[in-house]
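Here are a few exercises to try with the model open on your screen. Have a go at each one before you read the solution.

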Amino acid sequence: MNKHLLTTPIGVGNNTSVTVELEACFHDDDAFKYRAYTFTYLLLFPVALFCNIGALAIFFLQRSRRSSASSVVMMNLALSDGSFSLTLPLRLAYYFRDGVWDFPDWLCRLCVFGFYLNLYTSILFLTLLSVLRWLAVARPLRHLALATPTRSLLVCMGVWLFVGVSSTPFLSNGVTKRAGFPRCFEPSSPSSWGRVLILNYVALALGFLLPFLTIIVCYSRLVQHLTARSSIHGRSLSGSARRHNRRRSVHLVTMVTATFLLCFLPYHVIRSLHLHAVCGKWSCGVTVVLQRAVVVTLCLAASNSVVNPLLYYYSTRTFRDNMRDAHSSLLSSRGGSFRSGLALMRRRNTT
């Protein structure tokens, strides 16, 4: 059985007995990891690819409705998720081969980079959607003045640039050799875990905690504002448009909060604990348990690429209208082609 060198700390000085003991403790747990990732990515790939490419097509085809700031942000979110789904076949091929990377080194680096790019752009785009929803409900005049499609596009480009530059350290993690085979998605050496721990805390602070706190503040004020207006105006707010606006806000609050609590929070907590266990040389039993927990929570984090399309549909009337319009356009184009074909056949029969 191969030793799991990923979580094997380096021996200090000549204290080889500690190193041997730790190497014996960190058993090869690749089978669990490969099964979990293979099962997850087999489910995610077709759904994420179809839903996000379809969402992008709907956003682009319905040009007349592509005039809101939220639609611009959702387009960027769908682009992020769709791009990540394109890397899943490479990951599946790797895990089907029992952890042997048969592709170029730059593709390995790109897959590692793509995961973190998708993870943190998704978090920031969801945060931006939450801020826009709070402005639209609580500060409608300011929302009209500030939340223009052009400004939203510039902010989204800034998010891409910020996350892309911040994730460049992961481009240094390419193909490594372990047990005589080329491996991907593994640190190059045990000493690199210290650098990963530092990167983890930077990402945790800027990429998760700050956006999460922003969302909590926006949603608490949003709920407070909706509650206050309902108590003051009573039944005067029973108009269908006002009820619909409140329903959209509730859907957005529920789905974004659920995404953060189910997809993003467990992964960041367990990842931090696991890195501390490795770098701090915790007991082997605890580290192995955390190692498996990281696998499970990473699968949950990757699943955000299929959750976001539900957000487009259930929280925005525009997207539902776009889907209906696209479906009607498709049916009308098919009907027009069918009718033109019948007319051509009639002309041929009369000649």
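The exercises below go from the whole chain down to single side chains.

A word on the ground rules: this is a predicted model, where local features need pLDDT of at least 70, side-chain atom pairs count only at pLDDT 80 or more, and totals for chains, interfaces and linings use all residues. Residues are numbered from 1 along each chain as its sequence is written, and side-chain values use heavy atoms, with hydrogens and water left out.

**Exercise 1. Work out the secondary structure of the protein chain and the order of its elements.**

Step 1: count the elements, taking helices (H or I, at least four residues) and strands (E, at least two) as DSSP runs numbered from the N terminus. You get 11 helices and two strands.

Step 2: walk along from the N terminus, and the order reads α-α-α-α-α-α-β-β-α-α-α-α-α.

**Exercise 2. Place Leu275 and decide: is Leu275 buried or exposed?**

Step 1: find the element. Leu275 sits in helix α8, residues 240-279.

Step 2: check accessibility. Buried means under 20% relative accessible area, exposed over 50%, and partly exposed in between (1.4 Å probe, protein chains only). Leu275 comes out at 3%, so it counts as buried. For the chain as a whole, buried residues make up 46% of the 351 residues.

Step 3: look for partners, with contact meaning heavy atoms within 4.5 Å. Skipping neighbours within four places in sequence, Leu275 touches Trp193, Val196, Leu197 and Asn200. Take Leu197: it is 78 residues away along the chain, yet the two C-alpha atoms are 6.0 Å apart.

**Exercise 3. Find the residues that make the nonpolar surface patch.**

Step 1: apply the patch rule. Members have over 30% relative accessible area and no salt bridge (a side-chain nitrogen of Lys or Arg within 4 Å of a carboxyl oxygen of Asp or Glu). Nonpolar side chains (Val, Leu, Ile, Met, Phe, Trp, Tyr) are joined within 5 Å, and like charges within 9 Å. Areas come from the Shrake-Rupley method with a 1.4 Å probe; for residues, only the protein chains shown count as cover.

Step 2: list the members. Phe162, Ile198, Val202, Leu206 and Leu210 make a patch of about 480 Å².

Step 3: sort them by element. Helix α7 (residues 193-233) gives the most, with four residues, while Phe162 belongs to helix α6, residues 149-166.

Step 4: check Phe162, which at 42% relative accessibility counts as partly exposed.
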